Amino acid sequence: MYKSVVKPLLFKLDAERAHHFVFDNLKRAARLPGTGALLRGLYNYQHPGLAREVFGLKFPNPVGLAAGFDKNAVLTDELATLGFGFVEIGTVTPRPQPGNPTPRLFRLPQDAALINRMGFNNDGAAAVAARLARRQNRQLIIGGNIGKNKDTPNERAADDYVAAFEALAEVVDYFVVNVSSPNTPGLRELQDKKPLINLLQQVQAVNLARPTPRPLLLKIAPDLTDAQLDDILEIARETQLSGLVATNTTISRAGLSTPTPTVAGYGAGGLSGRPLRARATEVIAYLHQKSQGGLPIIGAGGIHSAQDALEKLAAGAALVQLYTGFIYEGPGLVKRINQALV
């Protein structure tokens, strides 16, 4: 039904408008008696063989929703009914910000891809934390993806990450430091070795001082060279990271079927979806082999089928995340992946 009825209707709307339309209507539907049970019956697939323990957390299944879909933790209770083993909210910044001017989200149907330059639009860490504190489903594992405000200079970036961490520490189960989005000017400069070590050390100092530290992960770009990936592994060891998320969106436009003038017309932004599949898997495999399996990896990028998810797991991912594939394939994709795993 999703691919034959719902998706064609949604794809007639502007991409960001369709996103809000889905949010509003899923929220309304969830208020109707019996809707939650119906969605769980349709999309949940439970089996003891799906359970995973990764960085000290027990996941009911390894299929999660990536950051960027529910930036403000508005829909976590509703998303829990769709079969996800975990949901990552954000990217959340200390202060609210509107993000980049619209339009800023574009579909490439010929490539089953998206281009976005959202720019960390979010309600701010305090509002998101208050919302998470009120959620009803306490079993769903929640990750907190954190970033810096656009107007914060890079030399003070660590202050923003620490502030976001402290605001969310009581309401999320793990954290992801996002320095790999291409949509905040200068942000990817923080992936360089020296500033990244400094940033992670400051966040980790606050984290490790807590009675119960949270797993701290780093989300990396697919555009890094092997030498840069080697640096990431060294940084992960030095700063005691719990894992990595591989990968974020790419700035590459290579190999697309969408006409070049159309793509150029959309302008800057991160590309996600099927074109990212192979590169994301390469990065996962490289990191897994170089770390000898010692650093858990959440695999993301181009997962549009059960086979795509199995590929990521075979390459060394401990968990996987959906975003663009969820938009193109619908919520049934979560169930199909879990069934294939069993």
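This report describes selected features of a predicted model, from its strand barrel to its surface.

**The barrel and its surroundings**

In this predicted model, 8 strands close into a barrel. Their order is β3-β4-β7-β8-β9-β10-β12-β13, and the pairing is parallel. From one strand to the next, the twist averages 25°. One of the pairings joins strand β10 (residues 243–246) to β12 through 3 bridges, with the two strands running parallel. Within this pairing, Val245 of β10 stands opposite Ile298 in β12.

Helix α6 (residues 157–168) lies across three strands, namely β4 (86–92), β7 (141–146) and β8 (174–178). Relative to β8, helix α6 runs at about 160°.

Helix α11 (residues 306–315) has the buried residues Ala306, Asp308, Ala309, Lys312, Leu313 and Ala315. Their cover includes the helices α10 (277–290) and α13 (332–341), together with the strands β12 (297–300) and β13 (319–322). Gly316 follows α11 and has a positive phi, near 130°.

**The hairpin of β5 and β6**

Strand β5 (residues 105–108) and strand β6 (residues 113–116) run antiparallel and are joined by 4 bridges. Across this pairing, Leu108 stands opposite Ala113 in β6. The hairpin has 4 residues between the strands, and Ala112 takes a positive phi near 50°.

In a regular strand, side chains alternate between the two faces of the sheet. On β5, Leu105 and Arg107 lie on one side, with Phe106 and Leu108 on the other. Both faces of β5 are covered, and these four residues are all buried.

**Salt bridges**

Side chains of opposite charge can pair when their charged atoms come close. With a nitrogen-to-oxygen cut-off of 4 Å, the model has 11 salt bridges. The table lists examples, including the N to O distance of each.

| Basic residue | Acidic residue | N to O distance |
|---|---|---|
| Lys3 | Glu329 | 2.9 Å |
| Arg131 | Asp123 | 3.2 Å |
| Arg274 | Glu329 | 3.7 Å |

The salt bridge of Lys3 and Glu329 has an N to O distance of 2.9 Å. Lys3 lies in helix α1 and Glu329 in helix α12 (residues 324–329), so this pair ties together parts that are 326 residues apart in sequence. Lys3 counts as partly exposed, because its relative accessibility is 48%. Glu329 counts as buried, because its relative accessibility is 11%.

Glu329 also meets Arg274 in a salt bridge. This pair links distant parts of the chain, 55 residues apart: Arg274 is in the loop between β11 (270–273) and α10, and Glu329 is in helix α12. Through salt bridges that share partners, Lys3, Arg274 and Glu329 are joined into one network. Arg274 has a relative accessible area of 41% and is therefore partly exposed.

In the salt bridge of Asp123 and Arg131, Asp123 is partly exposed at 32% relative accessibility. Arg131 is partly exposed as well, with a relative accessible area of 23%.

**A nonpolar surface patch**

Met1, Val5, Val6 and Leu9 form a nonpolar patch on the surface. Together, these residues have about 410 Å² of accessible area. Val5, one of the patch residues, lies in helix α1 (residues 2–10). The relative accessible area of Val5 is 43%, so this residue is partly exposed. Helix α1 also holds Lys3, the salt-bridge partner of Glu329.

Definitions and conventions. Residues numbered from 1 in each chain as written. Predicted model: local features only at pLDDT ≥ 70, side-chain atom pairs only at ≥ 80, totals over all residues. Heavy atoms only, no water. Patch = residues over 30% accessible without salt bridge, like charges linked within 9 Å, V, L, I, M, F, W, Y side chains within 5 Å. Areas by Shrake-Rupley, 256 points an atom, 1.4 Å probe, with all protein chains shown as cover. Salt bridge = Lys/Arg side-chain N within 4 Å of Asp/Glu carboxyl O. Buried < 20%, exposed > 50% of the residue type's maximum accessible area, 1.4 Å probe, protein only. Contact = heavy atoms within 4.5 Å. Pairing = 2+ DSSP bridges. Axes fitted to C-alpha atoms, helices over the stretch in contact; angles between N-to-C directions.
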